[in-house]
Amino acid sequence: NWKDVVGLANADVDLSAKPWQLPDWQVDSLNENSNPTEYAKVILGMRAAKQDPTNVNGRNLVNELAAKQEVTGNFGEYITDTIWSMVALDTAGKTYDVSGAVDYLLNKQTSDGGFAFSGDIADPDMTGFTLIALASHMNVESVNDVVYQAEECLKSIQLDSGGFGYGGGDAENSASSAAVIRGLVACNKDITSSEWTKNGNSMIDALFEFQLPNKSFSHLGSETSDLST
């Protein structure tokens with residue numbers, strides 16, 4: 001999984017050494033009909049593995065992804081398409097219609113200040129992911145305002161454990177807490193400060209409640225989840 005590669009690389013693991021084996025990125029399956037997120041996953045994974053997505057058998061995957069941006073600023077049908085396309089292109093240093101993409105995301109803000117995959121009630125996962133995409137564009141005043149509103153929304157749905165539940169509910173899980181952590185850290189927020197502490201618990205404390213005796217992490221309960229780990 002590309003997220004495994006990014007996670008390990010960010011933990012300073014040498015993925016070229018044994019016993020690690022990089023995934024087959026299946027670049028040949030990427031074409032004009034492919035979902036933009038599929039391109040973004042490969043670009044982010046390859047860059048984390050110190051591979052060059054701009055030269056894959058003569059193809060420049062970064063340029064191909066940038067070409068998928070629509071005149072309305074978005075990439076693809078879903079908010080996640082635009083989020084991960086922006087992250088991939090920003091990471092690769094590729095020029096694209098940033099203003100259009102940012103405006104598209106800002107227009108997706110829910111009435112409670114956060115973001116959601118669908119509907120008008122924010123969920124922590126999508127709010128955290130959107131913050132990752134917006135983090136590179138904090139120089140835009142409107143982005144700063146929306147990030148502040150998203151923070152206030154997240155504070156309102158943070159659980160007493162310090163963590164978060166999918167959909168903003170009480171079904172606490174490691175993925176929701178991790179998504180919020182990633183988004184806030186990307187925006188240079190101090191997630192261990194008192195404003196993000198509930199009943200003495202930070203979201204870091206909440207995340208470690210999902211660590212198992214073998215040091216892996218679960219998504220909900222007692223079983224190891226590679227993605228959560």
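Cys187 counts as buried in this predicted model, with a relative accessibility of 5%. Cys153 is likewise buried, at a relative accessible area of 3%.

A disulfide is a covalent bond between the sulfur atoms of two cysteines. The structure holds 0 disulfides. The closest cysteine sulfur to that of Cys153 belongs to Cys187, and the two are not bonded because the distance of 14 Å is too far for a bond; a disulfide requires the sulfur atoms to lie within 2.5 Å. Seen from the other side, Cys187 is in no disulfide, and its nearest cysteine sulfur is that of Cys153.

Burial can also be followed along a helix. In α5, which spans residues 98-106, the buried residues are Gly100, Ala101, Val102, Tyr104, Leu105 and Leu106. Among the elements that cover these buried residues are α4 (79-92), α6 (124-134) and α7 (141-157).

The backbone has some notable points in its loops. Lys18 and Pro19 are joined by a cis peptide bond, with omega about 5°. Pro19 is placed in the loop between α1 (2-10) and α2 (36-48). Gln26 also lies in the loop between α1 and α2, whereas Lys50 is found in the loop between α2 and α3 (61-66). Gln26 has a positive phi although it is a residue other than glycine, and this description holds for Lys50 as well. The table lists their values.

| Residue | Phi | Relative accessibility |
|---|---|---|
| Gln26 | near 50° | 52%, exposed |
| Lys50 | near 60° | 79%, exposed |

Technical notes
Residues numbered from 1 in each chain as written. Predicted model: local features only at pLDDT ≥ 70, side-chain atom pairs only at ≥ 80, totals over all residues. Heavy atoms only, no water. Buried < 20%, exposed > 50% of the residue type's maximum accessible area, 1.4 Å probe, protein only. Helix = DSSP H or I, 4+ residues; strand = E, 2+ residues; numbered from the N terminus. Contact = heavy atoms within 4.5 Å.
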